[in-house]
Amino acid sequence: MSRSVKFFSYLSHRERSDREAIRVRGYGLPRVLDPLTPTLSPTGRGSAPNLQRCFGLSLVLLLALAAPALAQKKDTLRNYGIGHTVTADQIAGWDIDVRPDGQGAPPGQGSVKAGEKVYVEKCAACHGEFGESAGRWPQLAQGKGTLASNDPVKTVGSYYPYLSSVFDYIRRSMPFGDAQSLSNDELYAVTAYVLNLNDIVDDKFVLSKQTWSQVKMPNQTGFFDDDREKTEKAFWSARPCMKDCRAPVKITGRARAIDVTPEDEKSQRRGAE
């Protein structure tokens, strides 16, 4: 090997050594104040290990600063300028459902005698003086034993399963055109009177939350869960027909041939002449 080649090799080796020393010590490389800005130094502020530490520290600081804000958002209701917070009275105006056992029924009471007066003033014009119906309005009384017939009469006494069904319907929708105008005492009273029209309670009965359980509706056992999976299972087919299930339709007669088609205007005029 010539001397020029050896000298070149020696310089290359020396340059590599100097570069490694500079890289390790950080001499002669640009320094920056921003720790997230990378530099040429593998161990300086922009090195990969240092960047990982910086990112980790930044994340911890961000979480620490955001924690109070998140807690505040969770505990504090935001107002977006739409609507307002409902009050207990407003909720009570909508929460008026009553369960069959009487849970949810409002305070108050009403007798059959007091209910007769309310009924005559606000209900009889449509439902008849004795619940027999006026015109085409629904009938409220009697009809017992007709549900299984060809002409069932669905009334409070023949159809309704629970007292709550009657009470809740009157409370929500009656009198017609002036719904929810009855006071609690009027509501209890008119319900008691309708029950009396159906011979469910006597003339001296007073309806309230305390006497709720004394009312037994005649058709309470007439309602049951859907049992078609058992009672109609024999009619079901494991492979139902999905295509061409019926035979083609055939015309067996013409309406004109059996004289059920009205005559046209010309024929009518001829007959008149």
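Q142 lies in the loop that joins helix 5 (124–127) to helix 6. The model is predicted, and this briefing introduces its backbone features, its nonpolar core, its pockets and some individual residues. Among the backbone features is the positive phi of Q142, about 65°, although this residue is not a glycine. The largest nonpolar core holds 31 residues, and the largest pocket encloses about 330 Å³ of space.

**Backbone features**

- Most residues other than glycine have a negative phi, and most peptide bonds are trans.
- Q142, with its phi of about 65°, is partly exposed, since its relative accessible area is 38%.
- D199 also has a positive phi, about 60°, without being a glycine.
- The position of D199 is in the loop between helix 7 and strand 2 (206–208).
- D199 is exposed because its relative accessible area, 57%, is over the 50% cut-off.
- A cis peptide bond runs from M174 to P175, with omega near -5°.
- P175 belongs to the loop between helix 6 (163–173) and helix 7 (184–197).

**The largest nonpolar core**

- Of the 31 residues in this core, Y119, L195 and V215 touch the most other members.
- Helix 4 (112–122), helix 6 and helix 7 are the elements that each give two or more residues to the core.
- Helix 7 gives the most to the core, namely eight residues.
- L195 is in contact with V156, L163, I200, V201, V215 and M217, when residues up to four places away in sequence are not counted.

**The two sides of helix 4**

- V112, G115, V118 and Y119 are the buried residues of helix 4.
- They cover an arc of only 115° around the axis, and therefore lie on the same side of helix 4.
- Strand 1 (109–111), helix 5 and helix 7 are included in what covers the buried residues of helix 4.
- The exposed residues K113, K117 and E121 are carried on the face of helix 4 turned away from its buried side.

**The largest pocket**

- Rolling a probe the size of a water molecule over the atoms shows where empty space is left.
- The largest pocket, with about 330 Å³ of space, is lined by 18 residues.
- H127, P138, L140, Y169 and M174 are the lining residues that lie nearest the centre of the largest pocket.
- Helix 6 and helix 7 are the elements that give two or more residues to the lining of the largest pocket.
- Helix 6 gives the most to this lining, with three residues.
- The lining of the largest pocket comprises 14 nonpolar, three polar and one charged residues.

**The second largest pocket**

- The volume of the second largest pocket is about 170 Å³.
- Among the residues that line the second largest pocket are A92, G93, I96, I170, R171 and M174.
- The lining of the second largest pocket also includes Q180, L182, S183, N184 and L187.
- Two or more residues of the lining of the second largest pocket come from each of helix 3 (88–94), helix 6 and helix 7.
- The lining of the second largest pocket has six nonpolar, four polar and one charged residues by class.
- M174 appears in the lining of the largest pocket and in that of the second largest pocket, and the cis peptide bond to P175 begins at M174.

**Two individual residues**

- D168 is found in helix 6.
- D168 counts as buried because its relative accessible area, 18%, is under the 20% cut-off.
- D168 touches I96, D97 and V98, leaving aside residues up to four places away in sequence.
- One of these contacts, I96, is also a lining residue of the second largest pocket.
- The C-alpha atoms of D168 and T191 are separated by 9.8 Å, and the two residues are 23 residues apart along the chain.
- G222 is located in the loop between strand 2 and helix 8 (228–231).
- G222 is partly exposed, with a relative accessibility of 36%.
- A separation of 9.7 Å lies between the C-alpha atoms of G222 and L147, which are 75 residues apart along the chain.

Definitions and conventions
Residues are numbered from 1 along each chain as its sequence is written. This is a predicted model: local features need pLDDT of at least 70, side-chain atom pairs count only at pLDDT 80 or more; totals for chains, interfaces and linings use all residues. Side-chain values use heavy atoms; hydrogens and water are left out. Helices (H or I, at least four residues) and strands (E, at least two) are DSSP runs, numbered from the N terminus. Buried means under 20% relative accessible area, exposed over 50%, partly exposed in between (1.4 Å probe, protein chains only). A nonpolar core is a set of buried Ala, Val, Leu, Ile, Met, Phe, Trp, Tyr and Cys residues joined through side-chain atoms within 4.5 Å. Contact means heavy atoms within 4.5 Å. On a 1 Å grid over the protein atoms alone, a cavity is a set of points where a 1.4 Å probe fits but cannot get out, and a pocket is an open set with protein on both sides within 12 Å along at least five of seven lines; lining residues have an atom within 4 Å of a point. Grid points are joined across faces, edges and corners, and a volume is the space filled by probe spheres set on the points. Ala, Val, Leu, Ile, Met, Phe, Trp, Tyr, Cys and Pro count as nonpolar, Asp, Glu, Lys and Arg as charged, and the others, Gly among them, as polar. The arc is that of the directions from the helix axis to the C-beta atoms.
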